[in-house]
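Student: I would like a close look at one part of this model, and then a careful account of how the rest of the chain is arranged around its other notable places. Please start with the part I name below.

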Amino acid sequence: MGKVVMYSSVSVDAFIADENDQPGPLFDWLLGGDVLLDESGALKVSQTSYDYIRPYWDEIGVTIAGRHVFDLTDGWDGKPPGGIDHVVVVTHRPVPEGWDPEAPFHFVDGVEAAVAKAQELAGDRIVEVAAGDVGGQVLAAGLVDEVRMDVVPVVFGSGKRYFGSVDAQHLLEDPDVVIQGNRVLHLRYRVRR
């Protein structure tokens, strides 16, 4: 099975969005470079960021997200973001009315069921877990293998926390990747078991 990776861009004070679910400048690094990151033509990063992010994105088979993110994005119009094959949505609510049952989205109740379904779908590829409340729950359940952060030089002061409502200590190994891009610091930590 592929590893489970918790990931997001994050402020220096560990927020993934402000109180109004707005990312502010957290994704500016994805727009300010001169190397195309994907075929959309919209994402342009520095060569250093490309060399780190593109291979990672190519390894992702499934993304796990919460219903809140799913609703904020209008379910990405039924197309998983970034060329990912499937999205597993953690929710306690029914599938949205009128949702296309052929769309590669899977609605599950609980993070353990989400990780199991995602690993089944991903095979040997990476299962990416969106940071925030669901990501924090997956970490608390001991199911995260690695934490990746794209740290952006901004302080929010308050907002949506990277680790959600995690209220217990979780040890990470020393970072095994520290890469400075343009207006971003890419970090990778393995979760200590």
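Is R183 buried or exposed, and what is its relative accessible area?

Tutor: R183 is exposed, with a relative accessible area of 52%, where exposed means over 50%, buried under 20% and partly exposed in between (1.4 Å probe, protein chains only). The model is a predicted one, in which local features need pLDDT of at least 70 and side-chain atom pairs count only at pLDDT 80 or more, while totals for chains, interfaces and linings use all residues. Residues are numbered from 1 along each chain as its sequence is written, and side-chain values use heavy atoms, with hydrogens and water left out.

R183 sits in the loop between β11 and β12, with helices (H or I, at least four residues) and strands (E, at least two) taken as DSSP runs numbered from the N terminus. The phi of R183 is near 65°, a positive value in a residue other than glycine. Most residues other than glycine have a negative phi. W76 also has a positive phi, of about 50°, although W76 is not a glycine; this residue belongs to the loop between α2 (67-72) and β6, and at 22% relative accessibility W76 counts as partly exposed. A positive phi is likewise found just after α4, where G142 takes a value of about 75°.

That brings us to α4 itself, in which V134, G135, G136, V138 and L139 are buried, and the cover over its buried residues includes β1, β5, β6, α3 and β8. If neighbours within four places in sequence are set aside, V138 is in contact (heavy atoms within 4.5 Å) with V4, V111, V115, V129, L143 and V144. From another direction comes V166, which lies in the loop between β10 (160-161) and β11 (177-180) and, at 18% relative accessibility, counts as buried. With the same neighbours left aside, V166 touches G136, L139 and R161, and its C-alpha is 7.0 Å from that of Q137, although V166 and Q137 are 29 residues apart in sequence.

V138 is also among the residues with the most contacts inside the largest nonpolar core, the others being I64, V144 and Y162, and this core has 29 residues; a nonpolar core is a set of buried Ala, Val, Leu, Ile, Met, Phe, Trp, Tyr and Cys residues joined through side-chain atoms within 4.5 Å. At least two residues of this core come from each of β1 (4-11), β5 (60-66), β6 (86-90), α3 (111-122), β8 (126-130), α4 (133-140), β9 (146-152) and β12 (185-190), and α3 gives the most, with five residues. Another core lies apart from it, with 21 residues that include W29, V45, Y56 and V154.

Over the whole protein chain, the secondary structure comes to four helices and twelve strands. The radius of gyration, taken over C-alpha atoms, is 16 Å, close to the 16 Å of the globule rule (2.2 Å times the number of residues to the power 0.38), so the chain is as compact as a globular protein of 193 residues. Its C-alpha atoms fill a box of roughly 40 × 40 × 35 Å along the principal axes. Of the 193 residues, 47% count as buried, and among contacts between residues at least 6 apart in sequence, 66% join residues at least 24 apart.
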